[in-house]
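I opened this entry to look up the cores and the pockets. My notes are short.

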Amino acid sequence: SDGKELFAYLPRAVATKAPLLALPDYTHLPFVDATPAVEEAQFTADDGATTWKTVLASGMGGGAQGIFALDVTDPDAFDRSKVLFEFTDQDDVDMGNVIGQPKLVRIKQAGAAASAPQYRWYVAVSSGYNNYQADGAASSDGRQALFLLSLDKPAGSAWAEGTNYYKMKVAAPSSTRAAALANPGVAKDVFGNAVLFYAG
């Protein structure tokens, strides 16, 4: 929109740093310095009706250990109801500093009848960097993980592993200081469903 800011969003996980900006001797601190991803995803209402929305998902970079997702379908009408979620190390201690772009993926659900397949949309993101360093909570062994965070989680509901998010951990590193996992690449089938994730 001609370079004009339409809205701003400050994640709760970094909001406590905001007053520091007014200090006369302020020294730079990172806030949100990760690379966001903006993609389309399908949402299903309680009555079964579906709608497509434009979703922005981003890590918080060096500002905090976590990620957030926003509904940016209509930037002119952005308000707090458009915050889909924040997910931080307070929700899962294996979450670290996420730098690169997360991915929005559609996954076919197991157990559905072949004649009536069911799909869910997720933000796929890896645990990033420094999850062994305490930023409110810390991993005990530095093991990294790939997270699948459900886009259909009601905003007021708590995160529950195995229900609205899933985690696949990789082997423990030889040293916690060597622990890091970049955001995943995704291989899809001919229907656009994610079938394989790979990360360095």
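The notes below take the cores first and then the pockets of this predicted model.

Entry one, the cores. I looked up the largest nonpolar core and found 21 residues in it. F85, F87, L149 and L151 have the most contacts inside this core. I then listed the elements that give two or more residues to it: β1 (37-44), β2 (50-59), β3 (66-71), β4 (83-88), β6 (119-126) and β8 (145-150). A second, separate core has 9 residues, and I noted V14, L56, M60 and V72 among them.

Entry two, L151. I asked which residues L151 touches, leaving aside its neighbours within four places in sequence. The contacts are A41, F43, V55, A69, L84, F85, L104, W121, Y122 and V123.

Entry three, the largest pocket. I read its volume as about 430 Å³. It has 16 lining residues, and Y9, R12, V83, F85 and E86 are the closest to its centre. α1 (12-15) and β4 each supply at least two residues of this lining. β4 gives the most, with 5 residues. By class I noted 8 nonpolar, 3 polar and 5 charged residues in the lining.

Entry four, the second largest pocket. Its volume is about 270 Å³. Of its 14 lining residues, F43, T44, L151, D152 and K153 lie nearest the centre. β1, β2 and β4 each supply at least two residues of the lining. The classes here are 8 nonpolar, 2 polar and 4 charged.

Last note, on L151: this residue is listed among those with the most contacts inside the largest core, and L151 also lies among those nearest the centre of the second largest pocket.

Definitions and conventions. Residues numbered from 1 in each chain as written. Predicted model: local features only at pLDDT ≥ 70, side-chain atom pairs only at ≥ 80, totals over all residues. Heavy atoms only, no water. Core = buried A, V, L, I, M, F, W, Y, C linked by side-chain atoms within 4.5 Å. Buried < 20%, exposed > 50% of the residue type's maximum accessible area, 1.4 Å probe, protein only. Helix = DSSP H or I, 4+ residues; strand = E, 2+ residues; numbered from the N terminus. Contact = heavy atoms within 4.5 Å. 1 Å grid on protein atoms, 1.4 Å probe; cavity = no way out; pocket = protein on both sides within 12 Å on 5 of 7 lines; lining within 4 Å. Points joined across faces, edges and corners; volume = space filled by probe spheres on them. Nonpolar A, V, L, I, M, F, W, Y, C, P; charged D, E, K, R; others polar.
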